[in-house]
Amino acid sequence: MISGYNFEKWKIKMSKVVAIFLALFAVSSMALGNEVIIKRQEAMQVVRNAMKILGPMAKGGSEYDSFLAETSLENMLEAMRPYKSYFPLGSETGSKTQAASAIWETSDNFEKLVDDFVRDIELALSSDLENAELFGENFEIISKNCRSCHMNYRSR
């Protein structure tokens with residue numbers, strides 16, 4: 001023992017420092033988790049809003065407007081391109097998430113479904129948007145993507 005130095009007090013102080021560091025790390029991890037949860041919720045809200053416009057047009061419930069269809073599809077695409085990056089480990093809970101644990105358990109399949117969704121939106125955008133019938137066919141493919149993902153990856 002070094003004269004005049006109390007190692008027991010030092011160990012207690014270091015334990016407190018480590019505990020504070022771990023608490024701060026946990027809080028920052030939760031904040032990061034909540035941030036990506038909010039991003040994915042915002043992206044889904046963009047998709048919901050677009051589907052409220054596109055669905056009635058595709059099914060004849062409202063007049064087909066190619067400009068509105070294109071704009072809505074572009075908004076969906078912008079929201080969905082980064083979507084699969086919004087599910088890092090540690091973001092399974094918090095901020096009222098409706099993401100099912102299957103997302104992390106079968107992440108390869110989830111990411112494939114997101115990629116398929118993005119690809120089908122891109123295909124719809126590259127098609128003849130002046131053709132309401134073709135738009136309806138593309139919309140059906142897009143909406144099937146929504147259903148298949150929600151069936152497996154959204155908690156109720």
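**Exercise 1: the lining of the largest pocket**

Work out which helix gives the most to the lining of the largest pocket in this predicted model, and how many residues that helix supplies.

*Solution.* Start with the helices that each supply at least two lining residues: α1 (7-58), α4 (107-126) and α5 (132-153). The largest contribution comes from α5, with six residues. Next, look at the lining as a whole: 24 residues surround this pocket, and Met44, Tyr83, Phe87, His150 and Arg154 lie nearest its centre. Now sort the lining by character, and you should find 14 nonpolar, six polar and four charged residues. To finish, the volume of the largest pocket comes to about 420 Å³.

**Exercise 2: the length of α2**

Check whether the span of helix α2 (residues 66-80) agrees with its number of residues.

*Solution.* Helix α2 has 15 residues. Allow 1.5 Å a residue, taken times one less than the number of residues. The expected span is therefore 21 Å, and the end C-alpha atoms are 21 Å apart, so the two agree.

**Exercise 3: the two faces of α2**

Find out which residues of α2 are buried, and where they sit around the helix axis.

*Solution.* Take buried to mean under 20% relative accessible area. On that basis, the buried residues of α2 are Ser66, Ala69, Ser72, Leu73, Met76, Leu77, Ala79 and Met80. Because they cover an arc of only 165° around the axis, they lie on the same side of α2. Then turn to the face directed away from that buried side, where you will meet the exposed residues Phe67 and Glu78.

**Exercise 4: the start of α2**

Identify which backbone atom a side-chain oxygen of aspartate 65 reaches at the start of α2.

*Solution.* Follow the side chain of aspartate 65: one of its oxygens comes to within 2.9 Å of the backbone nitrogen of phenylalanine 67.

How values were computed
Residues are numbered from 1 along each chain as its sequence is written. This is a predicted model: local features need pLDDT of at least 70, side-chain atom pairs count only at pLDDT 80 or more; totals for chains, interfaces and linings use all residues. Side-chain values use heavy atoms; hydrogens and water are left out. Helices (H or I, at least four residues) and strands (E, at least two) are DSSP runs, numbered from the N terminus. Buried means under 20% relative accessible area, exposed over 50%, partly exposed in between (1.4 Å probe, protein chains only). The arc is that of the directions from the helix axis to the C-beta atoms. A polar contact is a pair of N or O atoms within 3.5 Å; within protein, one must be able to donate a hydrogen and the other to accept it, and residues adjacent in sequence count only if both atoms are side-chain atoms. On a 1 Å grid over the protein atoms alone, a cavity is a set of points where a 1.4 Å probe fits but cannot get out, and a pocket is an open set with protein on both sides within 12 Å along at least five of seven lines; lining residues have an atom within 4 Å of a point. Grid points are joined across faces, edges and corners, and a volume is the space filled by probe spheres set on the points. Ala, Val, Leu, Ile, Met, Phe, Trp, Tyr, Cys and Pro count as nonpolar, Asp, Glu, Lys and Arg as charged, and the others, Gly among them, as polar.
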